[in-house]
Amino acid sequence: TILQPQVESGVESQQEESLRPQNLAEYIGQKDLKQLLEIGIQAAQSRGESLDHLLLYGPPGLGKTTIALIIAREMGVNCKITAAPALERPRDIMGLLVNMAPGDVLFIDEIHRLARMSEELLYSAMEDFRIDLTVGKGTSAKTRTIPLSKFTLVGATTKVGALTSPLRDRFGLIQRLRFYEVDELSTIVSRTAGILQTQVTSDGAEEIARRARGTPRIVNRLLKRVRDYAQVTGYPQIDSTVATEALELLQVDPMGLDWTDRLLLSTMINQFNSRPVGLEALAASTGEDAQTIEEVYEPYLLQIGYLQRTPRGRIPTPQAKQHLGLED
Ligand code: ADP
């Protein structure tokens, strides 16, 4: 279960911090986004203003949090990181907002899950940099206004369609993060190997990259597991043979699918006879969480063409059947 993206031990996530690129130049891939940010940051800096609010969407592990941290660093300000479930009560988000210094970056992960009251507070905060509060009830109710410093909100979501339009409309820039190409992931492996002081050949890096589902977080995690394997089995460096052996042991197949991916596909093929199946039915049959299936597993299966979404449900494609050796 080490490979399940949602499971994260404290040590692992601490190590992840040390692997984060520190500036845009170190941030690999996502060319268009990087270019837009470079221009935005330069323009804002030359005007002495804060950067416009930015909404990033895409599957977990593609580098959304990293972007927020890089923006803050490049702008020379602080970045506060939080997630919507931690902002249940309006006063949680108020506390954060009133303590922002001019230009600071506020990163809110899973922003589509904000409670309604908290979200409504954000509207005037984002647009006019103030909070309007209603104090008291009925005829004696008064509105109090709290001014805020100009700040930059970086919102992140795995489900952009779940955002309300008033919230979405308040972002100046809305950008999708793409899955990474194998060569980009290989570069990330080499960079991470340098930080971890591990020897990886270019074949070894590519083997790990090919099995990382287009995702930097996964490529780093696989590299650490392969490093463990190489160390214990006494290999001096990670080449494609070691990488393949270790990843087979971890049950990550050549397409990067793990045990859960294969369970989802084989359930659709065997149990539902490849007919359209709803998310809840699939979750119930596999014992996986519906939200995790939708936001973590499905995007990559859709990307590689193993899954299709139809109005009546998801169906596995012939390529998926072929990959699993389940052709009829
Ligand atoms: P998200 O917020 O989208 O879930 P993160 O920003 O936390 O993803 O990124 C996960 C990990 O992947 C980070 O620790 C970082 O080391 C690595 N990473 C992400 N994007 C890149 C990139 N473009 N180049 C190098 N490493 C990256």
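Student: Let's start with Ser 274: why is this residue called buried?

Tutor: Its relative accessible area is 19%, and buried means under 20%, so Ser 274 counts as buried. Keep in mind that this is a predicted model.

Student: Where does Ser 274 sit, and what is its phi?

Tutor: Ser 274 is in the loop between α11 and α12 (279-286). Its phi is near 60°, which is a positive value in a residue other than glycine.

Student: Which other residue, not a glycine, has a positive phi of about 60°?

Tutor: Try Gln 251, a non-glycine with a positive phi of about 60°. You'll find Gln 251 in the loop between α10 (240-249) and α11 (259-271).

Student: What makes Gln 251 "partly exposed"?

Tutor: Gln 251 has a relative accessible area of 42%. Buried would need a value under 20% and exposed a value over 50%, so with 42% Gln 251 falls in between and is partly exposed.

Student: And Thr 260, how do you know that it is buried?

Tutor: Thr 260 comes in at 2% relative accessible area. The cut-off for buried is under 20%, so Thr 260 is buried. Thr 260 belongs to helix α11. While you're there, look across to Gly 138: the two residues are 122 apart along the chain, and their C-alpha atoms are separated by 54 Å.

Student: What does the whole chain look like in numbers?

Tutor: The protein chain has 14 helices and nine strands. Its C-alpha atoms fill a box of roughly 70 × 45 × 35 Å along the principal axes. There are 328 residues in the chain, and buried ones make up 48% of them.

Student: On to the aromatic rings. How many aromatic pairs are there?

Tutor: The count is two aromatic pairs. One of them is Phe 129 with Phe 151: the ring centres are 5.5 Å apart and the planes stand at 85°.

Student: Why are Phe 129 and Phe 151 a pair at all, and why is the pair called edge-to-face?

Tutor: Two checks. Rings pair if their centres lie within 6.5 Å, and the centres here are 5.5 Å apart, so Phe 129 and Phe 151 pair up. Planes over 60 degrees apart count as edge-to-face, and the angle here is 85°, so the name fits.

Student: What makes this pair a tie between parts of the chain?

Tutor: Phe 129 is in the loop between α5 (116-128) and β4 (130-135), while Phe 151 is in the loop between β5 (142-147) and β6 (152-157), so the pair ties together parts that are 22 residues apart in sequence.

Student: Are the two rings' residues buried or exposed?

Tutor: Phe 129 has 16% relative accessible area and Phe 151 has 1%. Since buried means under 20%, both Phe 129 and Phe 151 are buried.

Student: How do you know that Phe 179 and Tyr 300 form an edge-to-face pair?

Tutor: Same routine. Their rings are 5.5 Å centre to centre, with 75° between the planes. The limits are within 6.5 Å for pairing and over 60 degrees for edge-to-face, so Phe 179 and Tyr 300 meet both. Phe 179 lies in the loop between β7 (173-176) and α7 (182-196), and Tyr 300 lies in helix α13 (residues 290-303), 121 residues away. Both Phe 179 and Tyr 300 are buried.

Student: Now the ligand. What makes the contact with Lys 64 a polar one?

Tutor: A backbone N or O atom of Lys 64 is 2.8 Å from a ligand oxygen atom. The limit for a pair of N or O atoms is within 3.5 Å, so this one counts as a polar contact. Leu 19 also has a backbone N or O atom 3.2 Å from an oxygen atom of the ligand. Tyr 180 has a polar side-chain atom 3.2 Å from a ligand nitrogen atom.

Student: How much of the ligand's area does the protein bury?

Tutor: The protein buries 98% of the 560 Å² that the ligand exposes when taken alone. The elements giving two or more residues to the shell are α1 (10-19), α3 (64-75) and α9 (216-233).

Student: Which residues come nearest to the ligand?

Tutor: Glu 16, Ile 28, Gly 61, Thr 65 and Thr 66 come nearest, out of 18 residues around the ligand. The shell divides into nine nonpolar, five polar and four charged residues.

Student: Last one: why is Thr 65 called buried?

Tutor: Thr 65 has a relative accessible area of 17%, and the cut-off is under 20%, so Thr 65 is buried. Thr 65 is part of helix α3, and an unreviewed UniProt entry places the feature "binding site" at Thr 65.

Terms used: Residues numbered from 1 in each chain as written. Predicted model: local features only at pLDDT ≥ 70, side-chain atom pairs only at ≥ 80, totals over all residues. Heavy atoms only, no water. Phe/Tyr/Trp six-rings, centres within 6.5 Å; stacked < 30°, edge-to-face > 60°. Helix = DSSP H or I, 4+ residues; strand = E, 2+ residues; numbered from the N terminus. Buried < 20%, exposed > 50% of the residue type's maximum accessible area, 1.4 Å probe, protein only. Near = heavy atom within 4 Å. Polar contact = N/O pair within 3.5 Å; in protein donor to acceptor, adjacent residues only side chain to side chain. Areas by Shrake-Rupley, 256 points an atom, 1.4 Å probe, with all protein chains shown as cover. Nonpolar A, V, L, I, M, F, W, Y, C, P; charged D, E, K, R; others polar. UniProt positions renumbered as here; feature names shortened; annotations may be inferred.
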